[in-house]
Amino acid sequence: ALEDPSSNMIHGVNSLDTPPNGQEHIHLRLSLSGRLGYYWLNKNVPNAELTLTPPGASQMSDASGNFVFSQLRLGNYDLGVSKSTDLGGINSLDGIKIVRHGVGLEPFTDPNKLIAANVNGDGAINAFDAFEVVRAALGLENLASGDWTFLPPNPRSYRPLGATLTGQDFTAIRMGDVNGDWLPSTEPALLAELSEPEPAGGTPQDGSASTSPQLPRIAAASHR
């Protein structure tokens, strides 16, 4: 095999002696690779499904969040990503933070947190989102937004894929997780070390930062 100046592998050069004389067929073998990282602290996101069409090939991101599609020919492709596992990371603490953002006490400054908080998809972040997050954490309903969102929006298109590409990364957002304490189920760790620290003002004086889900308390906070 040969390489072109862009380090693309050339696996075959077929010269034709029959008409049209001098015609050559060059077969490139390209690859497409990247990584899925979590929006908070860039944690690894394993077991996300990457789908490349055509030909409809799929694979799961590995333990480090990496993926690679190889032996690709020059052409047009779409790369999509989805995930339906590792659904922890949301609880009443997220609901409380969403309420505090909604009333202006603890505004989110990270744009990815604004995405994570808007679980009902209405474009506003308020107690309705908080209520839905707590109900989803208790297994009472599914999030209207779906469990995961990926950036950039997918599928990602290549028109065409003309060279080997690395760094085709995605940022994963567990919807509802605004304090960043999501972890993959295969990676035990101390959540306190990986989650967002509390603001300097400490926890709310009404005690609403309890780790046990308390729907009435969140609902009451929405009327402040």
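Which side chains meet in a salt bridge at 2.9 Å, N to O? In this predicted model, the pair is Glu106 and Arg100. Both ends are tucked away, since Glu106 is buried and so is Arg100. Glu106 has a second partner too: its side chain and that of Lys97 meet in a salt bridge at 2.8 Å, again N to O. Through these shared partners, Lys97, Arg100 and Glu106 are joined into one network. The relative accessible area is 11% for Glu106 and 5% for Lys97; with the cut-off for buried set at under 20%, Glu106 therefore counts as buried, and so does Lys97.

The structure holds six salt bridges. Another of them links Lys83 to Asp86, with the closest N and O atoms 3.0 Å apart. Here too the partners are out of the way: Lys83 is buried, at a relative accessible area of 9%, and Asp86 counts as buried at 11% relative accessibility.

Stepping back to the whole chain, there are five helices and 10 strands. Of the 224 residues, 39% count as buried. Among contacts with a separation of 6 or more, 65% come from residues 24 or more positions apart.

On to the helices. Packed helix pairs are described by the angle between their axes and the distance between those axes. Helix α1 covers residues 92–102, and its axis comes within 8 Å of that of α3, the two crossing at roughly 180 degrees. That makes α1 roughly antiparallel to α3, because the angle lies over the 145 degrees that the term asks for. On the α1 side, the residues that meet α3 are Ser92, Asp94, Gly95, Ile98 and Val99. On the α3 side, the contacts are made by Ala127, Asp129, Ala130, Val133 and Val134. Helix α3 spans residues 127–137 and also holds Phe131. The C-alpha atoms of Phe131 and Gly95 are separated by 6.7 Å, with their positions 36 residues apart along the chain. How accessible is Phe131? Its relative accessible area is 36%, so Phe131 is partly exposed.

The strands offer a different topic. Four of them form an open sheet in the order β5-β4-β7-β9, with antiparallel pairing. The edges are taken by β5 (57–60) and β9 (156–161); each has a single partner strand, so one side of each is left without a neighbour in the sheet. Neighbouring strands of this sheet are turned by 20 degrees against each other on average, with direction ignored. In a regular strand, side chains alternate between the two faces of the sheet.

Within that sheet, β7 (residues 75–82) pairs with β9 in the antiparallel sense over four bridges. Which residue in β9 is the bridge partner of Leu79? That role falls to Arg156, which has its place in strand β9. The C-alpha atoms of Arg156 and Leu79 are separated by 5.0 Å, although the two residues are 77 apart along the chain. Leaving aside residues up to four places away in sequence, Arg156 touches Tyr77, Asp78 and Leu79, along with Gln168, Asp169 and Phe170. With a relative accessible area of 17%, Arg156 is buried.

Elsewhere, strand β8 (residues 148–151) and β10 pair in the antiparallel sense, also over four bridges. Across this pairing, Thr149 stands opposite Ile173 in β10. Strand β10 itself runs over residues 170–174, and four of its five residues are buried, so this strand is largely enclosed by the rest of the structure.

A word on confidence. The chain averages a pLDDT of 82, and 71% of the residues score at least 70. Over residues 11–16, by contrast, the pLDDT is below 50; the model still gives this stretch 19 contacts beyond near neighbours in sequence. Residues 188–195 likewise stay under 50, and for them the model has 13 contacts beyond four places in sequence. Where pLDDT is low, the predicted coordinates should not be read in detail.

Notes:
Residues numbered from 1 in each chain as written. Predicted model: local features only at pLDDT ≥ 70, side-chain atom pairs only at ≥ 80, totals over all residues. Heavy atoms only, no water. Buried < 20%, exposed > 50% of the residue type's maximum accessible area, 1.4 Å probe, protein only. Salt bridge = Lys/Arg side-chain N within 4 Å of Asp/Glu carboxyl O. Pairing = 2+ DSSP bridges. Axes fitted to C-alpha atoms, helices over the stretch in contact; angles between N-to-C directions. pLDDT = per-residue confidence, 0-100. Contact = heavy atoms within 4.5 Å. Parallel < 35°, antiparallel > 145°, perpendicular 65-115°, else oblique.
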